[in-house]
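I opened this entry to look up two things, the pairing of charged side chains and the main pocket, and I noted what I found as I went.

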Amino acid sequence: MTTETAHRAGSAGNADGVGAWAVLLPAERYEAERLVHHDTLELTGLTDVTRPGPGDQVAVLVDAPPRLVALGRVSTPSRRHREDPDDPQSPTEPAALVVAYTRRAFDEPVPADLLTLDGPVTALDPAAFRALADQLGPPPARRTWLVSLDLPIEAGTPAEAVRVFWSYVQELGPRELPAFVSPAGDELAMQAFVLGEQANQDPEEDD
């Protein structure tokens, strides 16, 4: 079954009248999505044959082993553009696949061992998509968190110190700088996170 045929079959069996797809994230892209919050996932380099349509449901997965890390819906793709704007006969580049996140589970992925993925984009049976999505359960209750980043900065003036601070933040980012987070009103529960995971910052506890 071709992907195009599978797309039509999936769409026909979905009560919402849209298709269901699995999108596989490369390991480095998964890490980037875990580190910084994004409202959408944008993927390039996909052909029209494998492209889900606007409104289609998407399960975002990572491999080895397959795990569900997010759900979303396909947004209207960005405009196509020609590789050579001066040559009207030059081939066009496919627009990016844009998925608007509706549910995230980057910190607690759900096993998806029963899925067989054909590549970066795979058409899913709507029932398989619903079964996979149901494993996520309800989203966690939202609450207010206090997040801070403390850096000792040597500078001649407060304004210079702030500029140097932001330079360090841009250069090192969440891969190297520890961010401290605690529930609002419970600062004693503060935890440090590096690379999106809790990290011990007390050297005495490592001894």
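I first fixed my terms: a residue is buried when its relative accessible area is under 20%, exposed when over 50%, and partly exposed in between. I also kept in mind that this is a predicted model.

Entry on salt bridges. I searched the whole structure and found three salt bridges. I began with Glu197 and Arg34, whose side chains meet in a salt bridge at 3.6 Å, N to O; this pair links distant parts of the chain, with Glu197 in strand β13 and Arg34 in helix α2, 163 residues apart. I put Arg34 down as buried because its relative accessibility is 19% and the cut-off is under 20%, whereas Glu197, at 49%, is partly exposed.

I then turned to Glu31 and Arg175, which form a salt bridge at 2.1 Å, N to O. Glu31 belongs to helix α2 and Arg175 to helix α4, so this pair ties together parts that lie 144 residues apart in sequence. I noted Glu31 as partly exposed at 30%, and Arg175 as partly exposed at 43%.

For Glu33 and Arg29 I read 3.3 Å between the closest N and O atoms of their salt bridge; both residues lie in helix α2, four residues apart, about one turn of the helix. Glu33 is buried at 6%, while Arg29 is partly exposed at 25%.

Entry on the pocket. I recorded a volume of about 1,700 Å³ for the largest pocket. Of its 36 lining residues, Arg34, His37, Arg104, Asp107 and Trp145 are the closest to its centre. I counted the lining as 23 nonpolar, five polar and eight charged residues, and noted that the elements supplying at least two of them include α2, β7 and α4.

Technical notes. Residues are numbered from 1 along each chain as its sequence is written. This is a predicted model: local features need pLDDT of at least 70, side-chain atom pairs count only at pLDDT 80 or more; totals for chains, interfaces and linings use all residues. Side-chain values use heavy atoms; hydrogens and water are left out. On a 1 Å grid over the protein atoms alone, a cavity is a set of points where a 1.4 Å probe fits but cannot get out, and a pocket is an open set with protein on both sides within 12 Å along at least five of seven lines; lining residues have an atom within 4 Å of a point. Grid points are joined across faces, edges and corners, and a volume is the space filled by probe spheres set on the points. Helices (H or I, at least four residues) and strands (E, at least two) are DSSP runs, numbered from the N terminus. Ala, Val, Leu, Ile, Met, Phe, Trp, Tyr, Cys and Pro count as nonpolar, Asp, Glu, Lys and Arg as charged, and the others, Gly among them, as polar. A salt bridge is a side-chain nitrogen of Lys or Arg within 4 Å of a carboxyl oxygen of Asp or Glu. Buried means under 20% relative accessible area, exposed over 50%, partly exposed in between (1.4 Å probe, protein chains only).
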